[in-house]
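Me: I would like a close look at one part of this protein, after a short view of the whole. Please keep it plain.
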Amino acid sequence: VVEIGPAIGLHDRQPFHQGDTIDGGSGTDVLLVKGGSVDALFDSDGKLNSNITNSEILISGKENGTVESLTDVGKLSDIGMTVGSDGKVTTANTSNATWADSGTHGDYNVMTCTITHTDSSSEEVTVAVLKTTLNNG
């Protein structure tokens, strides 16, 4: 299941199935991939699937994991990601989140965020950010 929501408020989330058309519209938009991988959103040539447009941030993680809690822009900052008023995205290590570069997919920089929970368990979230919107890329 893939859900999309604008980063400001992350509302208007809608289910996505292979073959659906998603247009994030204006502003900075986020696609949330629950229980799957952002890799599934890219074609074999490394470019974002042509059915998905105007989505600047792609985030994937395990079902019932951190991705489920990314319901507003404040939650993105909980994992060390901020979206500025200019739409630029910045990532930074925090006390519970560590970021590492994982390569590129077409026009996107791909990063892995390892999140450590209060019970000392951890999980990985994969984030792809459109290169032109990444502040620290």
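How much area does the protein expose, and what percentage of it do carbon and sulfur atoms supply? Then please turn to β6: in which sense do β4 and β6 pair, and in which sense do β6 and β11 pair?

Reply: This is a predicted model, in which local features need pLDDT of at least 70 and side-chain atom pairs count only at pLDDT 80 or more, while totals for chains, interfaces and linings use all residues. Residues are numbered from 1 along each chain as its sequence is written, and side-chain values use heavy atoms, with hydrogens and water left out.

The protein exposes about 6,800 Å², and carbon and sulfur atoms supply 45% of that area (Shrake-Rupley method, 1.4 Å probe). Its secondary structure consists of one helix and eleven strands (DSSP runs, H or I of at least four residues for helices and E of at least two for strands, numbered from the N terminus). The order along the sequence is β-β-β-β-β-β-α-β-β-β-β-β. Of the 137 residues, 43% are buried (under 20% relative accessible area; exposed is over 50%, partly exposed in between). Among contacts (heavy atoms within 4.5 Å) with a separation of 6 or more, 50% join residues 24 or more positions apart.

Now to β6. Five of its five residues are buried, so β6 is largely enclosed by the rest of the structure. In a regular strand the side chains alternate between the two faces of the sheet. In β6, Ile 57, Ile 59 and Gly 61 point one way, and Leu 58 and Ser 60 point the other way.

β6 pairs with β4 in the parallel sense, over five bridges (a pair of strands needs at least two DSSP bridges). Within this pairing, Leu 32 has Ile 59 of β6 as its bridge partner. β6 also pairs with β11, here in the antiparallel sense and over four bridges. Leu 58 stands opposite Ala 128 in β11.

Two residues of β6 turn up again in the largest nonpolar core, which has 20 residues (buried Ala, Val, Leu, Ile, Met, Phe, Trp, Tyr and Cys joined through side-chain atoms within 4.5 Å). Ile 57 and Ile 59 are among the residues with the most contacts inside this core, a list that also includes Trp 99 and Val 129. The elements giving two or more residues to the core include β4 (29–34), β6 (57–61) and β11 (122–130). Another core, of twelve residues, lies apart from it, and Val 33 and Tyr 108 are among its members.

Tyr 108 also belongs to the one aromatic pair of the structure. Its partner is Phe 42, and the pair is edge-to-face, with 5.5 Å centre to centre and 80° between the planes (ring centres within 6.5 Å; planes under 30 degrees apart are stacked, over 60 edge-to-face, the rest tilted). Phe 42 lies in the loop between β4 and β5 (52–53) and Tyr 108 in strand β10, so the pair ties together parts that are 66 residues apart in sequence. Phe 42 is buried at 8% relative accessible area, and Tyr 108 is buried at 5%.

Back towards β6, the loop between β5 and β6 holds Asn 54. Most residues other than glycine have a negative phi. The phi of Asn 54 is positive, near 55°, and Asn 54 is partly exposed, at 38% relative accessible area.

Technical notes
Buried < 20%, exposed > 50% of the residue type's maximum accessible area, 1.4 Å probe, protein only. Phe/Tyr/Trp six-rings, centres within 6.5 Å; stacked < 30°, edge-to-face > 60°.
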